[in-house]
Amino acid sequence: MSNRAQRRASVADFKRRVSGRHLLTYLIDGDDEASLDRHTVLRDAAAFWQANRASRKPCCIACKLSLASDEAVGAFLFATSPGSPGIASVSALCSTCSHLPLDQIEHHAARILSNLLPGGRFEDA
Ligand SMILES: [Zn+2]
């Protein structure tokens, strides 16, 4: 399966499992281990993201910089659904874009998250 097909499959899986509920979003600095440790599901999702970045070839949600190897992650954007507390989607910002004004980050986040939950509402946790 191609990387693109893999990515689509995992997005589709998440869509099905959130089943129309709203999403809770978390923006956490890439080196903020303390915040990750407070949220097991997010820590696990970040670890999964790190372990699979070579094959999934993620890119910065703002500038599209490749984050496929060991580029520094400026921030992670997580989305969880209260109806499915055990799963989280992960997006990432590069170290430059993580310093964008919050309204610009939210603009990119809303675009990404609307792929997961078209027309859905977003809440900052
Ligand atoms: Zn970027």
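In which strand does Thr25 lie? Thr25 belongs to strand β1, which spans residues 23-29; helices (H or I, at least four residues) and strands (E, at least two) are DSSP runs, numbered from the N terminus. Residues are numbered from 1 along each chain as its sequence is written. The model is predicted: local features need pLDDT of at least 70 and side-chain atom pairs count only at pLDDT 80 or more, while totals for chains, interfaces and linings use all residues.

The confidence of the prediction is expressed as pLDDT, the predictor's confidence in each residue, from 0 to 100. Its mean for the protein is 84, and 78% of the residues reach 70 or more. Among the elements, the highest mean pLDDT (94) belongs to helix α3 (residues 40-56) and the lowest (63) to helix α1 (residues 3-18). Where pLDDT is low, the predicted coordinates should not be read in detail.

The protein contains four helices and four strands, and from the N terminus on its elements run α-β-α-α-β-β-α-β. Of its 125 residues, 29% are buried. A residue is buried if 20 or more other C-beta atoms lie within 10 Å of its own, exposed if 12 or fewer, and partly exposed in between, with C-beta atoms placed from the backbone. Contacts (C-beta atoms, placed from the backbone, within 7 Å) often join distant parts of the sequence: of those with a separation of 6 or more, 67% are between residues 24 or more positions apart.

Strand β1 illustrates two levels of burial. Thr25 counts as buried because it has 21 C-beta neighbours inside 10 Å. Its C-alpha atom is separated by 9.3 Å from that of Ser89, 64 residues away along the chain. Asp29, also placed in β1, counts as partly exposed because it has 16 C-beta neighbours inside 10 Å. Leaving aside neighbours within four places in sequence, Asp29 is in contact with Ala75 and Ser98. Between Asp29 and Leu77, 48 residues apart in sequence, the C-alpha to C-alpha distance is 8.8 Å.

Strands β2 and β3 run antiparallel and are joined by eight bridges; two strands pair if DSSP finds at least two bridges between them. They form a hairpin with two residues between them. One of the bridge partnerships links Val73 to Cys94 in β3.

The largest nonpolar core has 26 residues, of which Phe76, Phe78, Val90, Ala92 and Leu93 touch the most other members. Such a core is a set of buried Ala, Val, Leu, Ile, Met, Phe, Trp, Tyr and Cys residues joined through C-beta atoms within 7 Å. Two or more residues come from each of β1, α3, β2 (73-81), β3 (84-94) and α4 (102-116), and β2 gives the most, with six residues. Beyond its neighbours within four places in sequence, Phe78 is in contact with Thr25, Tyr26, Ile28, Leu42, Ala45, Ala88, Ser89 and Val90.

Helix α3 has Leu42, Ala45, Ala46 and Trp49 as its buried residues. An α-helix has 3.6 residues a turn, so residues three or four places apart point the same way. The elements covering the buried residues of α3 include β1, α2 (33-38), β2 and β3. A kink of about 40° in α3 is centred on Gln50, the bend at a residue being the angle between axes fitted to the seven residues ending there and the seven starting there. After α3 comes Lys57, with a positive phi near 50°.

Key
Two residues are in contact if their C-beta atoms, placed from the backbone, lie within 7 Å.
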